[in-house]
Amino acid sequence: MKRIKLLLAVVVTFIVSNVLAPFAFAQEPVEITFWHAMNGPHQEAITKLVEAFNASQTDYKVVEQNQGDYATLQQSIIAAGVSKDLPVMAQLTASTVVDFKDQGLTLPLDDYLIADNGFTDELKSDIFEGFTKGVTLDDKIYAIPFSKSVRLMFVNQDLLDEVGAEIPTTWEEVKELGEKLDEAGKEEPAMGFENGPSMEYETMARQNGATWIADDLSSTDIASEKAVEPLAFIKALIDDGHARLAGEDSYMSGPFSQGATALYIGSSAGLPHVLPGVEESGMNLKTAEIPVYGQGDPLTLYAGNDLGVFASASDEQIAGAIQFMAFLLQADNTAQWAVDTGYLPITQAGVDSEIWQQYLEDTPYMQAATKELEYGNSQVPYVGSSEVFTELNIALENVFINGEDPMSEMQRIEDLVKSHLGL
């Protein structure tokens, strides 16, 4: 009997040591929940990257969860903040980067952007500076740039050829193009704007020497002569029939692609919306860098979204989220994401990659947008910017459509900004 018990003990010891022990000590990968608002082809592209990251290592598993559109994503995050059931990371827009930081939902990432998490100094310095500026608050980085675009000028080369005009590089040349079209008896205006062209207006004001809003939030000159002058210029273009808004068409990409204007300024990420109509109409499409106003330097404003990490995440989850972000910014990954979605690479290495350079060769329409990366900049982030954006577009409508005084409307916006900045 003792021999049987001894034998059983040996067998049990063998099983525990050689069969059960590996299972007992095997660690499950740390789960990184990732909320986003990508749909259609964008959903397919992000899924491909998530799967590639998960297959590249065994420590972490990113679990993506589509929350619908950006508005729904924001609502989901707010609700999860109340219930204390936030994901590890999420897509954030420019305004929510600021708002969620202000609410204490997200955390600064600087201490986690280290080589052990795949975020080397080389990678950090390779991100285009303007992208980083838009996610830096109180000298801390609160998100990592992800899907970014610039403003791009789409050109109906056929109309320009008919009046013997070159592609404008300044707003004065846009006006001259409008006059040439008039002289040739053309009904099409020179420029098409999206409804509420606040980004175009801010760009022109800053090109003209206006600060708009200081980087340190210490001042604003939105109602200054330098800022208001280009607004009056746009109004004159519209009043003289040299420019139009999208109006009932909602977006200018449709009318432009059917030949409604000679030029159109929109997001570089809007190229997929322009091309089908252009192919249908047979237009000779070109793209160009956006015009410069006055004697200023070239400038384009970045748009798009970023990736933030929530303060409720554990240290392990934060480390995993940072490693995933570093993976997304690897040269071939950021380039392939841009190819698949219509956005732009986030790093210089991504631009220089064989993937992006081949794409530019195959799709020359994106060459101008790529050049703009060198001098692009982000709008200054601050709490209340979303309200100011809404009110600014109302002010532009008041000026362009209702005939309100530009200076009075911009003084109203400057006062609103000052109230948010405590000035």
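Helix axes here are lines fitted to C-alpha atoms over the stretch in contact, and the angle between two of them is taken between N-to-C directions, from 0 to 180 degrees. The structure on screen is a predicted model, and the tour starts with a pair of helices.

**Stop 1: helices H14 and H16**

Select residues 331–341, helix H14, together with residues 354–362, helix H16. The two helices pack with their axes 8 Å apart and at an angle of about 30°. Angles under 35 degrees count as roughly parallel, and H14 and H16 are therefore roughly parallel to each other. To see the contact, show the side chains of Asp332, Ala335, Gln336, Ala338 and Val339 on H14. On H16, the contact is made by Ile355, Trp356 and Tyr359. Coloured by class, the contact of H14 with H16 shows six nonpolar residues, one polar and one charged.

**Stop 2: the five-stranded sheet**

Next, go to the open sheet whose five strands stand in the order E9-E8-E10-E7-E11, with mixed pairing. Its edges are E9 (243–245) and E11, each of which pairs on one side only. Looking across the sheet, neighbouring strands are turned against each other by 30° on average, direction ignored.

The pairings can be followed from E11 inwards:

- E7 and E11 run antiparallel and are joined by four bridges. Select Asn156 to find Leu285 of E11 opposite.
- E7 also pairs with E10, in the antiparallel sense, over five bridges. Here Val155 stands opposite Leu263 in E10.
- E8 and E10 run parallel, joined by two bridges. Met191 has Leu263 of E10 as its bridge partner.

Leu263 of E10 is thus a useful residue to centre on: Val155 stands opposite Leu263, and Leu263 is also the bridge partner of Met191.

How much of E10 is buried? Four of the five residues of E10 are buried, so the strand is largely enclosed by the rest of the structure.

**Stop 3: helix H12, on the sheet**

Keep the sheet in view and add residues 271–281, helix H12. What does the buried side of this helix pack against? The buried residues of H12 pack against strand E7 (151–156), strand E10 (263–267) and strand E11 (285–288), and also against helix H11 (253–257). The residues to highlight in H12 are Leu271, Val274, Leu275, Gly277 and Val278, which are buried. After H12 comes Gly282, with a positive phi near 80°.

Return to E11 and compare directions: E11 and E7 are antiparallel to each other. H12 packs on the sheet, touching E7, E10 and E11, and the direction of H12 makes about 155° with that of E11.

**Stop 4: aromatic pairs**

A search of the whole structure finds 14 aromatic pairs. Select Phe34 and Phe324: the ring centres lie 5.8 Å apart and the planes stand at 65°, so this pair is edge-to-face. Phe34 belongs to strand E1 (residues 30–36) and Phe324 to helix H13 (residues 315–328), so that the pair links distant parts of the chain, 290 residues apart. Phe34 and Phe324 are both buried.

Now select Trp171 and Phe193, an aromatic pair that is stacked, with 5.8 Å from centre to centre and 15° between the planes. Trp171 is in helix H8 (residues 171–183) and Phe193 in strand E8 (residues 191–193), so the pair ties together parts that are 22 residues apart in sequence. Trp171 and Phe193 are both buried.

To widen the view around Phe34, add Phe53 and Phe327: with Phe34 and Phe324, these residues form one aromatic cluster.

**Stop 5: two loop residues with positive phi**

Where does Leu217 lie? Leu217 is in the loop between helix H9 (198–207) and helix H10 (225–239). Its phi is positive, about 60°, although Leu217 is not a glycine. Leu217 is partly exposed, with a relative accessible area of 26%.

Finish at Ser250, in the loop between E9 and H11. Ser250 is another residue other than glycine with a positive phi, near 70°. The relative accessible area of Ser250 is 42%, and Ser250 is partly exposed.

Key. Residues numbered from 1 in each chain as written. Heavy atoms only, no water. Buried < 20%, exposed > 50% of the residue type's maximum accessible area, 1.4 Å probe, protein only. Contact = heavy atoms within 4.5 Å. Parallel < 35°, antiparallel > 145°, perpendicular 65-115°, else oblique. Nonpolar A, V, L, I, M, F, W, Y, C, P; charged D, E, K, R; others polar. Pairing = 2+ DSSP bridges. Phe/Tyr/Trp six-rings, centres within 6.5 Å; stacked < 30°, edge-to-face > 60°.
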